[in-house]
Amino acid sequence: MSEKNDPSLWQGFKAFLMRGNVIDLAVAVVIGTAFTNIVNSVVKGVINPVIGAFGTQSLDSYSSCLKGPCTGTGDTATGVRILWGSVLGATLSFLITAAVVYFLMVLPMAKYLARQEARRRAKESAEEIIEVTELEVLKEIRDALVAQRGPGPDRS
């Protein structure tokens with residue numbers, strides 16, 4: 001059997017795991033899970049009671065009966081219910097999560113990157129101005145030297 005120069009399966013797997021983007025993804029998943037718990041607590045502890053001021057304390061209890069009679073809850077429920085309250089609760093959780101991610105992460109990062117790009121462009125334009133100014137100074141020096149020397153003899 002001939003030996004191959006290809007990396008072994010283990011080396012390839014190790015290289016995959018040690019890539020920066022895999023580790024970044026793992027960190028993002030862990031932080032996202034912790035953040036989800038915070039958002040769920042806000043929805044259950046703040047949003048649901050505010051909505052409860054107009055109806056029930058929990059959005060999960062909102063439902064409509066598709067095929068009656070709808071009586072009971074859980075395993076003893078009869079009829080066909082559409083549990084639109086739990087969908088509304090999940091939608092609110094998503095919107096709150098999206099708003100927090102946008103306003104606390106995406107928007108500040110976009111502004112930061114825009115400032116960095118503006119600084120880079122300003123630096124490049126300043127370098128161009130310096131180059132143009134140096135060229136102008138050199139032309140002025142040349143003209144002054146020519147003027148000091150005076151007109152030379154005509155060479156015909």
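Guide: Welcome! Helices are DSSP runs of H or I with at least four residues, and they are numbered from the N terminus. Please keep in mind that the model above is predicted.

Visitor: Thanks! In what order do the elements of the protein run from the N terminus on?

Guide: Start with the parts: the protein has three helices and two strands. Reading from the N terminus on, the order of these elements is α-α-β-β-α.

Visitor: How many of the residues in strand 1 are buried?

Guide: Strand 1 covers residues 64–71, which makes eight residues to check. A residue counts as buried when its relative accessible area is under 20%. Strand 1 is hardly covered, and its count of buried residues is zero.

Visitor: And what share of the residues of the whole protein count as buried?

Guide: The same cut-off of under 20% relative accessible area applies here. Out of the 156 residues of the protein, the buried share is 6%.

Visitor: Which residue in strand 2 stands opposite Ser64?

Guide: Strand 2 is made of residues 78–82, and it runs antiparallel to strand 1. Four bridges join the two strands. Opposite Ser64, in strand 2, you will find Ile82.

Visitor: Let's look at the surface. Which element gives the most residues to the nonpolar patch?

Guide: The patch is formed by Trp10, Phe13, Phe16, Leu17, Met18, Ile23, Val27 and Ile31, with about 830 Å² of accessible area together. Two elements give two or more residues to the patch: helix 1 (9–18) and helix 2 (20–52). The one that gives the most, with five residues, is helix 1.

Visitor: Is Phe16 buried, partly exposed or exposed?

Guide: Phe16 lies in helix 1. Its relative accessibility is 39%. Buried means under 20% and exposed means over 50%, so a residue in between is partly exposed. Phe16 therefore counts as partly exposed.

Visitor: How is the aromatic pair of Trp10 and Phe13 arranged: stacked, edge-to-face or tilted?

Guide: The structure holds two aromatic pairs by the rule used here. Trp10 and Phe13 form one of them, with 6.2 Å centre to centre and 40° between the planes. Planes under 30 degrees apart count as stacked and those over 60 as edge-to-face, so the rest fall into another class. The pair of Trp10 and Phe13 is tilted.

Visitor: Which class does Trp10 fall into, buried, partly exposed or exposed?

Guide: Trp10 and Phe13 both lie in helix 1, three residues apart, about one turn of the helix. Phe13 has a relative accessible area of 41% and is partly exposed. Trp10 has 60%, and the cut-off for the next class is over 50%. Trp10 is therefore exposed.

Visitor: What is the angle between the planes of Tyr102 and Phe103?

Guide: Tyr102 and Phe103 form an edge-to-face aromatic pair, 5.1 Å centre to centre. Planes must be over 60 degrees apart to count as edge-to-face. For Tyr102 and Phe103, the angle is 80°.

Visitor: Now the charged residues. How far apart are the closest N and O atoms of Arg120 and Glu117?

Guide: Arg120 and Glu117 both lie in helix 3 (residues 84–149), three residues apart, about one turn of the helix. A salt bridge needs a side-chain nitrogen of Lys or Arg within 4 Å of a carboxyl oxygen of Asp or Glu. Arg120 and Glu117 form such a bridge, with their closest N and O atoms apart by 2.2 Å.

Visitor: Which residue lies four residues from Arg120 and forms a salt bridge with Arg120?

Guide: The partner lies in helix 3, as Arg120 does, about one turn of the helix away. The closest N and O atoms of this bridge are 2.6 Å apart. The partner of Arg120 here is Glu124.

Visitor: Which residues are joined into one network by salt bridges that share partners?

Guide: A search of the whole structure finds four salt bridges. One of them joins the side chains of Arg142 and Asp143, at 3.1 Å from N to O. The network made through shared partners joins Glu117, Arg120, Arg121 and Glu124.

Notes: Residues numbered from 1 in each chain as written. Predicted model: local features only at pLDDT ≥ 70, side-chain atom pairs only at ≥ 80, totals over all residues. Heavy atoms only, no water. Buried < 20%, exposed > 50% of the residue type's maximum accessible area, 1.4 Å probe, protein only. Pairing = 2+ DSSP bridges. Patch = residues over 30% accessible without salt bridge, like charges linked within 9 Å, V, L, I, M, F, W, Y side chains within 5 Å. Areas by Shrake-Rupley, 256 points an atom, 1.4 Å probe, with all protein chains shown as cover. Phe/Tyr/Trp six-rings, centres within 6.5 Å; stacked < 30°, edge-to-face > 60°.
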